[in-house]
Amino acid sequence: MPRELVFVDLPGPVVDVLRTLSAAGHEAAIVGGAVRDRVGGLDHAGEWDVATAAHPEEVAALFEGATWENRFGTVTIGTDPPVEVTSYRAEGAYRDRRRPDDVRFGVSLDEDLARRDFTINAMAWLPSDLAAGHGTLVDPTGGKADLGERVLRSVGDPRERFDEDALRLMRAARFAGRLELTIDPATERAIRDLAPTVASVSAERVRDELMRILSRDPVPSRAIGLLERLGLLAVILPELAALRGIPQAKAVPGDALDHSLNATDAAAPSDPPALRLAALFHDLGKAGTLRDGHFIGHEQVSADLAGEVLRRLRVPRALAERVVGAIRNHMYDYDSAWTDAAVRRFVRRLDGVDRDLLFDLRRADNASSGAGTGGDANQAELEARIGEQLAAESALLVDHRLAIDGNDLQRELGLAAGPEIGAILDRLTELVLDDPSQNRRETLLDHARRR
């Protein structure tokens, strides 16, 4: 039975795409996550997808600058936000567990929806009055009922759906976690049975799915916990799965994996989600460094393992370096007895490290450890003292400027270029970190002559 669904706040580019297709005589509907979120009463922060009876070459001809790059009928309209328009299609077998071997256009909207992964994603909104936002919910597989009953169910035979694309195994955990759904028993059995096949999914696609969990889910531990329970985490992130059962002496109960997931939840989402990546991976080294109840040097091992994981997932180098740098330095132990010189040395030690990311990671780590207001106050005091030193000693701490350089040493002391100059400059830097008033040309030259 057709059901009315109102979309009164559609983005202008989406309205324009629907209107243009309709004016050209082509049926067009909004599909996918936008419809699911509207039916579920959620804000939609993802992509906008339109499906249409028009063939891809007809769609591309209607929109200047549109791109059509594959044989699957998806045309991208370069608006803001961008809109992807896909022709109604039926699909053949998926021998590579990713792409259909062949596609057939010219099918109905119901047939197009029948090829999708889960019933909650197999709904469409067919407009009847765009100006008023009125339209019909097209729901041939019962997605609305499943949303109402809080169930995630595959469209048709779950084994067939997962055999078509093994990434759907991860997507099941993401949707069930974010939307707080129970996975239908038949669907869950198929996921558990086929969990090893997720190893066939490319690293880039695994990365993108993980990033969606970290950037879109307010409580990512729900989805990651499902990945573990369903047997997927050990395949895609064995380094993280290895933390299960590693004991922790924290105020908050749980093992090292629980602690990592709690830290990830405590970290605010960002795009790209550097902080949540750092929180998720910050203790990877604990599985291999536990000795007599301690994790000596685990931050170094964690950073190395995180670097390996991020390279495997093809995470962009700049992002990976920020994350690894924060993890490598997250075990500092500040207290108010630190001298100003100690604060300055700490700042210099973090040269090249994203301090904001590091300090946000430390706050998430404190929260998941049960450090409470004491940990927050300690961190706030450190950051305030760093701010004071940066303001007072910007030449030394920000610009890394001594009052002399290697050329001065060669000219004034008659030294040849070589390691001795570097050693002298290091010694002078330590001197100035202890007492910034020493950062004067003649003073430093006098110290250098005493080598």
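**Exercise 1. Find which helix gives the most to the lining of the largest cavity.**

Start with what there is to look at: this is a predicted model, and it holds 1 cavity of 30 Å³ or more. About 40 Å³ of space lies inside the largest cavity. Next, go through the lining, which is made of Q248, K250, V252, P253, G254, D255, D258, H259, N262 and S368. Now match these to helices: α13 comes out ahead, with 3 residues. Finally, sort the lining by type, and you get 2 nonpolar, 5 polar and 3 charged residues.

**Exercise 2. Work out which residues of α13 are buried, and what they pack against.**

Helix α13 runs over residues 256-266. Step along the helix and you'll find A256, L257, H259, S260, L261, A263 and T264 buried. H259 also turns up in the lining of the largest cavity. Then look at the surroundings: the buried residues of α13 pack against α9 (203-216), α10 (221-229), α12 (238-241), α14 (274-281), α15 (286-289) and α19.

**Exercise 3. Identify the residue that caps the N-terminal end of α13.**

Go to the start of the helix and look for a side-chain oxygen by the backbone nitrogen of L257. The residue you want is D255, with that oxygen 3.1 Å from the nitrogen. You've met D255 already, in the lining of the largest cavity.

**Exercise 4. Describe the second largest pocket: its volume, its central residues and its lining.**

First, the volume is about 490 Å³. Second, 26 residues line this pocket, and the closest to its centre are K250, K286, M331, D365 and S369. K250 should ring a bell, as it also lines the largest cavity. Third, ask which elements take part: β14 (294-295), α19 (355-369) and α20 (372-392) each supply at least two residues. α19 gives the most, with 4 residues. Last, split the lining by type: 8 nonpolar, 12 polar and 6 charged.

**Exercise 5. Decide whether Q379 is buried or exposed, and list what it touches.**

Q379 sits in helix α20. Its relative accessibility is 2%, so Q379 counts as buried; the cut-off for buried is under 20%. For the contacts, leave aside the neighbours within four places in sequence. That leaves Y332, F359, R362 and R363 in contact with Q379.

**Exercise 6. Take R150 and R314, and say what phi each has and where each lies.**

Begin with R150: its phi is near 60 degrees, a positive value in a residue other than glycine. R150 is found in the loop between α5 (143-148) and β11 (151-152). Because its relative accessibility is 37%, R150 counts as partly exposed.

Now R314: phi is again near 60 degrees, positive in a residue that isn't glycine. The loop here is the one between α16 (298-312) and α17 (317-328). At 48% relative accessibility, R314 counts as partly exposed too. The upper limit matters for this step, since only values over 50% count as exposed.

**Exercise 7. Compare the span of α23 with the expected one, then find what covers its buried residues.**

Helix α23 covers residues 419-434, which is 16 residues. From first C-alpha to last it reaches 23 Å, close to the 22 Å expected at 1.5 Å a residue. Its buried residues are I421, I424, L428, T429, V432 and L433. Among the elements that cover them are α18 (340-349), α21 (394-397), α22 (406-413) and α24 (441-449).

Technical notes
Residues numbered from 1 in each chain as written. Predicted model: local features only at pLDDT ≥ 70, side-chain atom pairs only at ≥ 80, totals over all residues. Heavy atoms only, no water. Expected span 1.5 Å × (residues − 1). Buried < 20%, exposed > 50% of the residue type's maximum accessible area, 1.4 Å probe, protein only. Contact = heavy atoms within 4.5 Å. 1 Å grid on protein atoms, 1.4 Å probe; cavity = no way out; pocket = protein on both sides within 12 Å on 5 of 7 lines; lining within 4 Å. Points joined across faces, edges and corners; volume = space filled by probe spheres on them. Nonpolar A, V, L, I, M, F, W, Y, C, P; charged D, E, K, R; others polar. Polar contact = N/O pair within 3.5 Å; in protein donor to acceptor, adjacent residues only side chain to side chain.
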